[in-house]
Amino acid sequence: MSEFDVIQNTKEGPITQRKLEKDLDALGVRAGMVLVVHSSLNSLGWVSGGAPAVILALESVLGKQGTLVMPTHSGHYSDPAHWENPPVPEDWKPVIRETMPAFDRALTPTRSMGALAECFRKQQGAVRSSHPHYSFAARGPEAERITADQALDYGFGEETPLGEVYRLGGQILLMGVGQESNTSLHLAEYRANYPGGQEIIQGAPILVNGKRQWVQFRELVEESEKFPALGEAYQQAGGEIHRGMVGNAASMLIPQRPLVDFAVDWILADRK
């Protein structure tokens, strides 16, 4: 969506930081929460101040005791043998694999995560986990705990930021995006450990003792296309979902732990 379209769709004037704070409060975001945010900046409408204003609104409502978390994935730091997008020629792939710089938490940008996550990871005080594909950034009292020691194998599994958010009783905020963007449901996929689950061997360049090294690790083949149906089933079963508008964006606030617990059982039943 172009900026012109975003402006045209913002009918009642620019979306301000104060407006976002009121909407987040009305949705149920509270001080002290651990909050994982998935978002589409354009869906909020034309925001005065753009991504920084949204981040400041979130942090204002969470307060100094709250911790903000966002996915900062970098799927382009992966084995080009598996790439479909970008559709590079086959004879380029060995060159890319040999010359791609090592993943750097400060330097490596996100890919397809949106302007909000890319802005947030560069904010002073934000810390980013070390996984070359599936990193998360966090800021707040629990940030170090959430982002420390992310396992290379199974980047959405137990020893990851998602697992820490679960143990901390965190919340999920979907702003202008659906359950297909909800990475916490990947944690449920790993926990389900269902028969027939497929794995792939992935790889990426990282720094090992200060030197670039290509490392390999295991990942599950994910099925996020089923997540909208999973989310609908959770709601129909009486699962807690708070719905409302944040700016112009239809949004959902969901406690992570009961959703993940429900999702494990749903995935196992779906795979039978």
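# A guided tour of the predicted model

Begin by selecting strand 8 and strand 9, which form a hairpin with two residues between them. Glycine 247 sits in the turn and has a positive phi of about 60°. The model is predicted. Extend the selection to residues 242-246 for strand 8 and residues 249-255 for strand 9; the two strands pair in the antiparallel sense over five bridges. Within this pairing, arginine 243 stands opposite methionine 252 in strand 9.

**The sheet**

Next, display the open sheet to which these strands belong: seven strands in the order 3-4-2-1-5-9-8, with mixed pairing. Which strands lie at the edges? They are strand 3 (127-128) and strand 8, each of which pairs on one side only. Now select strand 2 (67-71) and strand 4 (residues 136-139), which pair in the antiparallel sense over four bridges. Here valine 69 stands opposite alanine 138 in strand 4.

**Helix 2**

Turn to helix 2, residues 17-27, and show the side chains of Leu20, Glu21, Asp23, Leu24 and Leu27, which are buried. These residues lie on the same side of helix 2 because they cover an arc of only 165° around the axis. An α-helix has 3.6 residues a turn, so residues three or four places apart point the same way. On the other side of helix 2, select Arg18 and Ala26, which are exposed. To see what covers the buried residues of helix 2, add helix 3 (50-62), strand 5 (171-175), strand 8 and strand 9, which are included in the cover. Strands 8 and 9 are the pair that formed the hairpin at the start of the tour. Finally, select glycine 28, which follows helix 2 and has a positive phi near 120°.

**Asparagine 182 and helix 8**

Move to the loop between strand 5 and helix 8 (184-192), where asparagine 182 is found. Is asparagine 182 buried or exposed? It counts as buried, because its relative accessibility is 1%, and the cut-off for buried is under 20%. Leaving aside neighbours within four places in sequence, asparagine 182 is in contact with His38, Ile172, Leu174, Phe227 and Leu259.

Continue into helix 8, which is mostly covered: eight of its nine residues are buried. The buried residues are Ser184, Leu185, His186, Leu187, Ala188, Glu189, Tyr190 and Ala192. What covers them includes helix 7 (161-167), strand 5, strand 7, helix 9 (227-236) and helix 10 (256-270). Just after helix 8, asparagine 193 takes a positive phi of about 45°.

**An exposed residue**

For a contrast, select glutamate 144 in helix 6, residues 143-147. Glutamate 144 counts as exposed because its relative accessibility is 54%, where exposed requires over 50%. Select arginine 128 as well: it is 16 residues from glutamate 144 along the chain, and the two C-alpha atoms are separated by 8.7 Å.

**The largest pocket**

End at the largest pocket, which has a volume of about 1000 Å³. Its lining comprises 36 residues; select His73, Gly75, Met113, Tyr134 and Glu222, which lie nearest its centre. The elements that give two or more residues to this lining are strand 1 (34-39), strand 2, strand 6 (199-208) and strand 7 (211-220). Which element gives the largest share of the lining? It is strand 1, with three residues. Colour the lining by class to distinguish 13 nonpolar, 17 polar and six charged residues.

Key
Residues are numbered from 1 along each chain as its sequence is written. This is a predicted model: local features need pLDDT of at least 70, side-chain atom pairs count only at pLDDT 80 or more; totals for chains, interfaces and linings use all residues. Side-chain values use heavy atoms; hydrogens and water are left out. On a 1 Å grid over the protein atoms alone, a cavity is a set of points where a 1.4 Å probe fits but cannot get out, and a pocket is an open set with protein on both sides within 12 Å along at least five of seven lines; lining residues have an atom within 4 Å of a point. Grid points are joined across faces, edges and corners, and a volume is the space filled by probe spheres set on the points. Ala, Val, Leu, Ile, Met, Phe, Trp, Tyr, Cys and Pro count as nonpolar, Asp, Glu, Lys and Arg as charged, and the others, Gly among them, as polar. Two strands pair if DSSP finds at least two bridges between them. Buried means under 20% relative accessible area, exposed over 50%, partly exposed in between (1.4 Å probe, protein chains only). The arc is that of the directions from the helix axis to the C-beta atoms. Contact means heavy atoms within 4.5 Å.
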